[in-house]
Amino acid sequence: MIFSMSVLVTTRKMVTLIVATTSDPASINPAAALLAMPGWIVGPILPPDIKSFSNKQTRVIQHDRSIVKEDDLDLRWEEATGEVIDEVIFLSRHTAVSNRPALTVHPIGVLHLKDGESPPQGGKPGWAALPNPRIGPWFRLLKKMAEAHGLVPEFEITLEATHHGPITNKPTMFLEIGSTEEYWKRDDAAQVMALLMWEGLGLGGGEAVGNWNSETGKRKVLLGIGGGHYAPRHMDIVLKDDIWVGHLLSGYSLPMEDPTQTKTTPVENYIGGNWRQSIKAAFEATKAAFPGGEILAHLDHKSFKGWQKKAITEFLAEESINVGKPNDFT
């Protein structure tokens with residue numbers, strides 16, 4: 001007699017989590033525009049009172065608190081539903097001194113802060129989220145969509161350097177509308193952001209944009225080091241097709257103490273500051289987000305003084321982090 005036994009194997013569903021807050025028109029309006037598209041159903045309440053909506057492999061949640069202060073939403077969703085979060089996308093306002101209209105994309109983290117320091121906009125000192133592999137492809141797609149819908153040149157389409165929280169555990173990015181209340185409330189900007197998510201996640205039936213696969217296509221990933229908050233020299237490279245984007249460290253995320261201004265140093269010519277911590281955390285998070293990828297540090301050389309550039313390039317060599325020139329990304 002032969003007995004057969006069937007084993008039921010269950011696999012947990014992998015989903016994308018989109019996070020919006022009702023306290024911010026630049027967050028809730030793109031979410032509402034996305035939810036107005038076909039296929040959405042009401043999902044479970046995430047404790048204590050966070051509404052959710054479901055469409056294929058995508059989940060949208062809405063809370064009423066600060067977008068940068070509500071930590072571990074990915075883990076909380078997994079615990080509540082049994083689903084596995086593959087990535088997190090936050091919708092938010094953008095502010096700038098210039099007040100210029102802008103649509104922005106960026107990774108998050110507060111890598112340069114020391115233990116004990118209090119991050120002003122969420123996160124925790126020394127922490128870098130895994131950068132969402134979609135950042136580069138979606139930035140290029142956003143630029144095309146904004147141009148097609150007449151938002152350019154009124155709106156600047158730009159990357160931003162890594163900054164702020166909240167704490168997450170899965171690949172993460174922010175999509176932002178800036179830079180004043182007039183533009184946070186713009187329906188056309190919200191609609192473009194909604195279309196970016198709709199097409200970028202394949203919700204309309206097309207192929208999703210920006211799924212990382214080290215086995216196909218180019219594997220080069222840019223780790224930006226230096227420059228201003230809007231990373232113009234890094235952005236020039238990212239505009240090329242098939243370039244992936246990891247963390248982008250602006251000058252303020254690389255605090256370096258001028259050795260000529262330091263009274264006492266433990267080692268001659270030692271350059272103090274948390275810049276080493278920032279670079280290492282950014283590299284490790286980028287490497288983890290792009291398994292099998294070729295991570296290349298791209299330096300904004302003109303933003304550094306000679307002693308800074310020397311210290312950074314020597315540290316990169318010590319850490320076996322390869323440096324790429326613009327032509328290396330082609």
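Helices (H or I, at least four residues) and strands (E, at least two) are DSSP runs, numbered from the N terminus. The model is predicted: local features need pLDDT of at least 70, side-chain atom pairs count only at pLDDT 80 or more, and totals for chains, interfaces and linings use all residues. Residues are numbered from 1 along each chain as its sequence is written, and side-chain values use heavy atoms, with hydrogens and water left out.

**Exercise 1. Backbone exceptions**

Task: Locate Asn99 and Lys56, and state the sign of phi for Asn99 and for Lys56.

Solution.
- Step 1. Most residues other than glycine have a negative phi, and most peptide bonds are trans.
- Step 2. Asn99 belongs to the loop between strand 5 and strand 6 (102–106). Its phi is positive, near 65°, although Asn99 is a residue other than glycine.
- Step 3. With a relative accessible area of 41%, Asn99 is partly exposed (buried means under 20% relative accessible area, exposed over 50%, partly exposed in between; 1.4 Å probe, protein chains only).
- Step 4. Lys56 sits in the loop between strand 3 and strand 4, and Lys56, not a glycine, has a positive phi of about 55°.

Task: Which residue does a cis peptide bond join to Ser179, and in which loop is Pro153 found?

Solution.
- Step 1. Gly178 is joined to Ser179 by a cis peptide bond with omega of about 10°; Ser179 is part of strand 10 (residues 172–179).
- Step 2. The bond from Val152 to Pro153 is also cis, with omega near 15°. Pro153 is in the loop between helix 3 (135–148) and strand 9 (156–159).

**Exercise 2. The helix 5 contacts**

Task: Describe how helix 1 and helix 3 each cross helix 5.

Solution.
- Step 1. Two packed helices are described by the angle between their axes and the distance between the axes. Axes are lines fitted to C-alpha atoms, for helices over the stretch in contact, and angles run from 0 to 180 degrees between N-to-C directions.
- Step 2. Helix 1 (residues 25–35) and helix 5 (residues 187–200) have axes that come within 8 Å and cross at roughly 55°. They are therefore oblique to each other (angles under 35 degrees count as roughly parallel, over 145 as roughly antiparallel, 65 to 115 as roughly perpendicular and the rest as oblique).
- Step 3. Helix 1 makes a right-handed crossing with helix 5 (left-handed if the near helix is turned anticlockwise from the far one by less than a right angle, right-handed if clockwise).
- Step 4. Asn29, Pro30, Ala33 and Leu34 of helix 1 meet helix 5 residues including Met193, Ala194 and Trp198. The contact holds 8 nonpolar, 2 polar and no charged residues (Ala, Val, Leu, Ile, Met, Phe, Trp, Tyr, Cys and Pro count as nonpolar, Asp, Glu, Lys and Arg as charged, and the others, Gly among them, as polar).
- Step 5. For helix 3 and helix 5, the axes come within 10 Å and cross at roughly 130°; this pair is therefore oblique, and the crossing is right-handed.
- Step 6. From helix 3, Trp138, Leu141, Leu142, Met145 and Ala146 take part, meeting helix 5 residues that include Val192, Leu196 and Glu199. By class, there are 10 nonpolar, 1 polar and 1 charged residues.

**Exercise 3. Buried positions**

Task: Which residues of helix 2 are buried, and which strands are included in what covers them?

Solution.
- Step 1. In helix 2 (residues 73–81), Leu73, Asp74, Trp77 and Glu78 are buried.
- Step 2. Down the axis, these buried residues fall within an arc of 140°, so they line one face of helix 2 (the arc is that of the directions from the helix axis to the C-beta atoms).
- Step 3. The cover includes strand 1 (14–21), strand 3 (51–55), strand 4 (58–63) and strand 5 (84–95).
- Step 4. Just after helix 2, Gly82 has a positive phi of about 85°.

Task: Is Ile237 buried or exposed, and what does Ile237 contact beyond its neighbours within four places in sequence?

Solution.
- Step 1. Ile237 is in helix 6 (residues 232–238) and is buried, at a relative accessible area of 3%.
- Step 2. Apart from neighbours within four places in sequence, Ile237 is in contact (heavy atoms within 4.5 Å) with Leu222, Ile243, His298, Pro326 and Phe329.
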